[in-house]
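Q: I'm new to this structure and would love a close look at one part of it. Could you walk me through how a pair of helices meets?

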Amino acid sequence: MQERAKVTRRSLLEAAARLFAEQGYAATSVNDISARSGRTSGAVYFHYAGKEGIAVAVVQDRFATWSQLAARYADEAVPPVERLVGLSYDIAYALAEDPVTRAGARLWAERATINAPLPDPFALWTAATTRLLAQARLVGHLNAQVRPARTARTLVPAFFGFCVLTEALEGTAAVTDRLTDWWQLTLPSLRPQPEARPPAGASANSPS
């Protein structure tokens, strides 16, 4: 019975996620979720206490929980900034291609219309980014002027807004290529700056 209940819950969640991603929260009804999942509307109310409950569950399922994804980048043999860049590509791919993640992002954007508090995914994203930047600083891979926590609070919303706007303007297929462009602009400001060299022919000890 427990396994059957788990299958039903998952079926309802995935059906709801696809509908939320396609048409938004307000335009999706419990009957729509029931029809898409092949379950009864009573099952929605039993397992999720209605549309608000299943919306919260969709956000929590992928969009607000990145522990498994982030764990893939715990390998200290890989430089921290490289891990941060790799993580960004996985998140961008999920935002573009994974229905549950896409639904979570859309529900977050429409949270004012949902009569239930949604979990904030950005605190976790920001903490993970801060941690990787701090590690980069410890090994000398970060510009001395860059402060990990302040930079993370800028990078995370900039990245998320970039992905959302790129998809809106150019479609999901463009997100990966544009993300490469974004990092080419962003990475030089994070990396250590080379020491300034005196002009050719000048003595290092000559008076200024």
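Which residues in α4 meet which residues in α7?

A: Happy to help! This is a predicted model, where local features need pLDDT of at least 70, side-chain atom pairs count only at pLDDT 80 or more, and totals for chains, interfaces and linings use all residues. Residues are numbered from 1 along each chain as its sequence is written, and side-chain values use heavy atoms, leaving out hydrogens and water.

On the α4 side are Ala 55, Val 58, Val 59, Asp 61, Arg 62 and Phe 63, and they meet Val 100, Thr 101, Ala 103, Gly 104, Ala 105, Leu 107 and Trp 108 in α7. Contact here means heavy atoms within 4.5 Å. By class, this contact has nine nonpolar, two polar and two charged residues; Ala, Val, Leu, Ile, Met, Phe, Trp, Tyr, Cys and Pro count as nonpolar, Asp, Glu, Lys and Arg as charged, and the others, Gly among them, as polar.

Now for the geometry. The axes of α4 and α7 are 8 Å apart and the packing angle is about 120°; axes are lines fitted to C-alpha atoms, for helices over the stretch in contact, and angles run from 0 to 180 degrees between N-to-C directions. The two helices are therefore oblique to each other, since angles under 35 degrees count as roughly parallel, over 145 as roughly antiparallel, 65 to 115 as roughly perpendicular and the rest as oblique. Their crossing is left-handed, meaning that the near helix is turned anticlockwise from the far one by less than a right angle, whereas clockwise would be right-handed.

Both helices also help to cover α9: α4 (51–63) and α7 (99–109) are among the elements over its buried residues, buried being under 20% relative accessible area, exposed over 50% and partly exposed in between (1.4 Å probe, protein chains only). Those buried residues include Leu 155, Phe 159 and Cys 163.

Key. Helices (H or I, at least four residues) and strands (E, at least two) are DSSP runs, numbered from the N terminus.
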